[in-house]
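Subject: Two-chain model for your review

Hello,

Here is the structure I said I would pass on. My notes on what was found in it come after it.

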Amino acid sequence: MQQSPPKFSISDLNLWYGTSQALKDITVDIEERSVTALIGPSGCGKSTFLRTLNRLNDLISSVRVEGSVLYEGADIYAPDTDVIDLRKRVGMVFQKPNPFPMSLYDNIAYGPRVHGIRDKATLDDIVERSLVQAALFDEVKDRLQTSALGLSGGQQQRLCIARVLAVEPDVVLMDEPTSALDPISTAKIENLLEELKKQYTIVIVTHNMQQAGRVSDKTAYFFLGELVEYAGTKELFFNPRDKRTENYISGRFG
Amino acid sequence: MKRRKLFESAAETMLFASAFLSIVAVLFITIFLFRSGMPLFRKVSVFEFLFSSRWEPTAATPGYGILSFIVGSFLVTGLALFIAVPVGLAVGIYMAELSGRKSSKIIRSSVELLAGIPSVVYGLFGIVIISSVSRTLFGGSGYSVISAAIILAIMTMPTIINVAEVSIRSLPKELKEGSLALGATHWQTIIRVLVPAARSGIIAGVILGMGRAIGETLAVLMVGGNAPIMPTKLNGMVRTLTMNIITDMSYATGDHLTSLFATGIVLFLFILVLNLTVQLALKKSITEMEGGAGA
C-alpha cells in the first residue's frame with residue numbers, strides 16, 4: 001500500500017510544558033494523501049502532537065521539544081527552518097470555528113494577501129475555487145462581502161477550511177473540527193474530507209471514535225503522552241494489539 | 001427565618017436607595033445647569049451665542065459669543081488626540097502582544113501612576129517644562145494651543161493605552177492562532193487581524209479619552225494662555241470652554257454669570273454626545289463578540 005515516502009516522519013519526539021512531559025518518545029510516519037486520525041482521552045497529548053507539526057506550540061514560551069520531525073525529509077525543528085513557509089504548507093483548522101471579523105471574501109483572501117498576492121482577478125479566482133473546494137460556494141456566493149460572523153457554525157467551519165485551502169497547502173491539520181457542530185454540519189465536513197484527501201494529506205484529532213472509523217485510513221491511539229498503537233483504522237478498531245487500546249475503543253474508559 | 005428575610009429586604013432597600021441617589025444627583029445637576037443657563041437665551045439668540053466670536057461680557061453693549069472657545073476646545077482636544085492616539089495605541093499593542101510579562105507589569109504600573117497624577121501637577125510641569133520647550137520649538141510665548149495639547153495628550157494617554165491593551169488582550173486566542181497558522185507573521189497578525197478585531201473597544205477608549213480632554217480645566221488653564229480670542233496659530237494663545245467658565249466665575253454677575261452657565265450647558269451636551277457614542281461603540285463590540293461565538 002505504501003509506495004511514496006511518508007509526508008511526515010517523526011522519531012523519538014519528546015515535548016515538555018515547563019517540567020511536565022506531554023509527549024513521550026513518539027515515533028510515527030504519516031502517509032501522504034490519506035487521513036490519519038489521532039484518538040485518545042482528553043489530555044493524552046494528541047492536540048499537542050498535532051501542533052508540533054506546524055510548530056504552533058512555539059507560541060507557548062515554556063515548551064521544549066526534543067527529537068526530530070521530518071517534513072518531506074527536512075527537520076522542521078532545525079534552526080534554519082522558515083516557520084512562515086512551513087505554516088503556509090501545513091495548514092490548520094481549529095476546534096472552534098475562528099473566522100476573522102471581516103467579510104467572507106476578506107477571510108479567504110487573507111492568506112494569499114499576506115503571502116503577497118495583490119491582483120484582484122487572481123484573488124477572485126482563489127476565493128471562488130477555495131469555497132467550491134470547501135463545498136460552501138453555492139450557499140454563500142451572493143453574500144461574499146457580508147461579515148463572516150453572520151454564518152452558521154457549520155458554515156463558519158467550512159469557511160475556515162476554505163481559508164486554509166486558499167494558501168494552497170500540502171497538509172491540513174484538523175483539531176477536533178466538528179466537536180462544536182451539529183450532526184448535519186459534521187456529516188458535510190466528513191464528506192468533504194473524503195474529497196480533500198485525494199489532494200491533501202490530512203491529520204485529524206477527534207474525540208469521536210465513530211468519526212475516526214468513518215473518515216480515516218490510519219489511526220493513532222494516544223494515552224498519557226505515549227503513542228500506544230498506530231495501525232490501519234480497521235485493524236486498530238477490530239483487532240487492537242494493545243490492551244489499553246482495546247479498553248478505550250470498547251468504551252471501558254476515556 | 002423572619003429575621004433573615006427582614007435583613008434581606010433592608011439590604012435590598014439600601015442598595016436601591018444608593019442607586020436612586022446617584023440618578024437623582026445627575027438629574028439635579030442637569031436641571032440646575034439648565035435653569036441657571038437657559039435664561040441667557042431670552043437676551044442672546046442661541047445662534048449668536050454659538051456662532052459669534054465676540055466675547056465682551058463687560059462692554060457697554062455686551063457680546064456673548066463663545067465660538068472661539070468651542071473652536072479652542074476642539075482644536076486643543078483634536079491635536080491632543082492626534083498625539084495621544086498613535087502613541088497610546090502603540091504602547092497598548094506593545095503591552096498586549098510584544099513585551100514580556102515582567103516589562104508589561106512595569107509599564108502598566110507607570111501608566112497607572114500617570115493616570116493618578118493630579119491635574120494641577122500636570123499644570124506645573126507644563127508651565128516649567130512644556131511651555132519653555134514649545135517656546136523654543138514653535139516660537140510664541142509658549143502658552144499656546146500646542147502646549148495645552150501636549151499636556152492633554154499626556155493626560156489622556158493612560159486611558160487609551162489601557163483600553164487598547166485590554167481590548168487586544170481579551171480577543172479569543174483562536175484569532176491569533178488562526179492567522180499565524182496561515183503563515184502570517186506576528187506583525188501581519190497584529191495589524192491585519194488583532195487591531196481591526198479590537199477596533200470597537202479601541203474607539204471607545206479614544207472617545208473616553210476625548211471626554212476627559214474636553215472636560216479638563218486646570219492643566220490647560222495653566223499653559224493655554226487663556227486669551228479670549230479665536231485661536232489662529234498653533235503657537236498662539238487659546239481659551240477653551242472650561243477655561244472660560246473658571247476664569248470669569250470669580251467676578252461675573254447678571255447676564256455674564258448666566259452666560260457662564262450657558263457655556264456649561266454646551267460643554268455638558270458635548271460630553272453627553274461623546275458618552276452616548278462610547279456606549280454605542282461598546283454595544284457594537286459586544287454584539288461582534290457574540291457573533292464570533294457562532295450563531
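Chain B has twelve helices and two strands, where helices (H or I, at least four residues) and strands (E, at least two) are DSSP runs numbered from the N terminus. Read from the N terminus, the order of elements in chain B is α-α-β-β-α-α-α-α-α-α-α-α-α-α.

Before going further, the conventions: this is a predicted model, in which local features need pLDDT of at least 70 and side-chain atom pairs count only at pLDDT 80 or more, while totals for chains, interfaces and linings use all residues. Residues are numbered from 1 along each chain as its sequence is written, chains are lettered from A and ligands numbered from 1 in the order in which they are written, and side-chain values use heavy atoms, with hydrogens and water left out.

Chain B overall

Along its principal axes, the C-alpha atoms of chain B fill a box of roughly 75 × 70 × 35 Å. Of the 295 residues in chain B, 43% are buried; buried means under 20% relative accessible area, exposed over 50%, and partly exposed in between (1.4 Å probe, protein chains only). The exposed area of chain B is about 15600 Å², with 72% of it from carbon and sulfur atoms. Accessible areas come from the Shrake-Rupley method with a 1.4 Å probe, and for residues only the protein chains shown count as cover. If contacts in chain B are restricted to residues at least 6 apart in sequence, 71% of them join residues at least 24 apart. Contact here means heavy atoms within 4.5 Å.

One residue of chain B to look at is Asn226(B), in the loop between α10 (218-223) and α11 (241-249). Asn226(B) is buried, because its relative accessible area is 17%. Leaving out residues up to four places away in sequence, Asn226(B) touches Leu221(B), Val238(B), Arg239(B), Met243(B) and Thr247(B).

The interface

The size of an interface is often given as the accessible area lost when the parts come together. Between chain B and chain A the buried area is about 2100 Å², 63% of it from carbon and sulfur atoms; this is the accessible area (1.4 Å probe) that two parts lose on being put together, summed over both. In chain B, the residues that lose the most area to chain A are Ala181(B), Leu182(B) and Arg192(B), which together give 31% of what that side buries. In residue terms, 22 residues of chain B are in contact with 30 residues of chain A.

Which side chains meet in a salt bridge? Those of Glu177(B) and Arg51(A) do, at 3.0 Å, N to O. The rule finds one salt bridge across this interface, taking a side-chain nitrogen of Lys or Arg within 4 Å of a carboxyl oxygen of Asp or Glu. There are five residue pairs in polar contact between chain B and chain A (both at pLDDT 80 or more). A polar contact is a pair of N or O atoms within 3.5 Å; within protein, one must be able to donate a hydrogen and the other to accept it, and residues adjacent in sequence count only if both atoms are side-chain atoms.

On the side of chain B that touches chain A, α7 (173-181), α8 (186-197) and α12 (254-292) each supply at least two residues. The largest share, seven residues, comes from α7(B).

Chain A

Helix α3 of chain A (residues 104-114) is largely enclosed by the rest of the structure, because nine of its eleven residues are buried. Among the buried ones are Leu104(A), Tyr105(A), Ile108(A) and Tyr110(A). Their cover includes α4 (120-133), α5 (137-140) and α6 (153-165) of chain A together with α7 and α8 of chain B. After α3(A) comes Gly116(A), with a positive phi near 100°.

Arg55(A) sits in the loop between α1 (46-52) and β4 (63-71) of chain A. With 15% relative accessibility, Arg55(A) counts as buried. Its C-alpha is 8.2 Å from that of Tyr77(A), 22 residues apart in sequence.

Two residues other than glycine may merit a check of the backbone. Glu72(A), in the loop between β4 and β5 (74-75) of chain A, has a positive phi near 50°. Ala135(A), in the loop between α4 and α5 of chain A, has a positive phi near 55°.

Regards
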